[in-house]
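Grab a coffee and open up the structure. Here are a few exercises to work through, each with a solution.

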Amino acid sequence: MTPRIVPLVLLLLLAGVHAQLWTGRGSLAHVQEMQEKIAAQKAANEQARLANDRLASEVQDLRDGLDMVEEKARSELGMVKPNEIYVQIAGNRR
């Protein structure tokens with residue numbers, strides 16, 4: 001009777017592994033579902049990265065624009081910041 005038990009146990013183990021392959025956590029369907037989720041997340045990440053880049057560009061444009069406005073206000077209108085002293089030195093004319 002023992003010679004029949006070993007192949008039977010091996011066949012049951014093989015059936016268990018085969019069932020796990022088709023229905024369990026590491027099944028082909030589960031792997032494909034995870035790959036689809038990864039692809040969707042990568043696409044969402046790319047969209048977020050593009051939005052972040054666009055916003056960073058807008059922030060930089062605003063900063064540059066404000067710097068230009070401040071420079072013009074200082075040079076053309078003689079404006080100063082609070083607690084700042086403005087000194088103008090006139091050059092010699094010959």
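The exercises below look at a helix and its charges, and the model is a predicted one.

**Exercise 1.** Work out how the reach of helix α2 fits with its number of residues.

*Solution.* Start with the count: α2 runs over residues 28-77, which makes 50 residues. Next, take the reach from its first C-alpha to its last, which is 72 Å. At 1.5 Å a residue you'd expect 74 Å, so the reach comes out close to that, since the expected span is 1.5 Å times one less than the number of residues. Just past the end, α2 is followed by Gly-78, with a positive phi near 70 degrees.

**Exercise 2.** Check what the chain does over the annotated coiled-coil region.

*Solution.* First find the stretch: an unreviewed UniProt entry puts "coiled-coil region" on residues 31-72. Then look at the chain there: it's 100% helix and 0% strand. The end C-alpha atoms of that stretch sit 61 Å apart.

**Exercise 3.** Explain why Glu-33 and Lys-37 are separated by about one helical turn.

*Solution.* An α-helix has 3.6 residues a turn, so residues three or four places apart point the same way. Glu-33 and Lys-37 are 4 residues apart in helix α2, hence the one-turn separation. The two form a salt bridge, with the closest N and O atoms 3.5 Å apart. In total, the structure holds 4 salt bridges.

**Exercise 4.** Name the residues that form a negative surface patch.

*Solution.* They're Glu-58, Asp-61, Asp-64, Asp-67 and Glu-71. Now place one of them: Asp-61 lies in helix α2.

Conventions: Residues numbered from 1 in each chain as written. Predicted model: local features only at pLDDT ≥ 70, side-chain atom pairs only at ≥ 80, totals over all residues. Heavy atoms only, no water. Helix = DSSP H or I, 4+ residues; strand = E, 2+ residues; numbered from the N terminus. UniProt positions renumbered as here; feature names shortened; annotations may be inferred. Patch = residues over 30% accessible without salt bridge, like charges linked within 9 Å, V, L, I, M, F, W, Y side chains within 5 Å. Areas by Shrake-Rupley, 256 points an atom, 1.4 Å probe, with all protein chains shown as cover. Salt bridge = Lys/Arg side-chain N within 4 Å of Asp/Glu carboxyl O. Lys, Arg positive; Asp, Glu negative; His and termini not counted. Charge placed at Lys NZ, Arg CZ, Asp CG, Glu CD.
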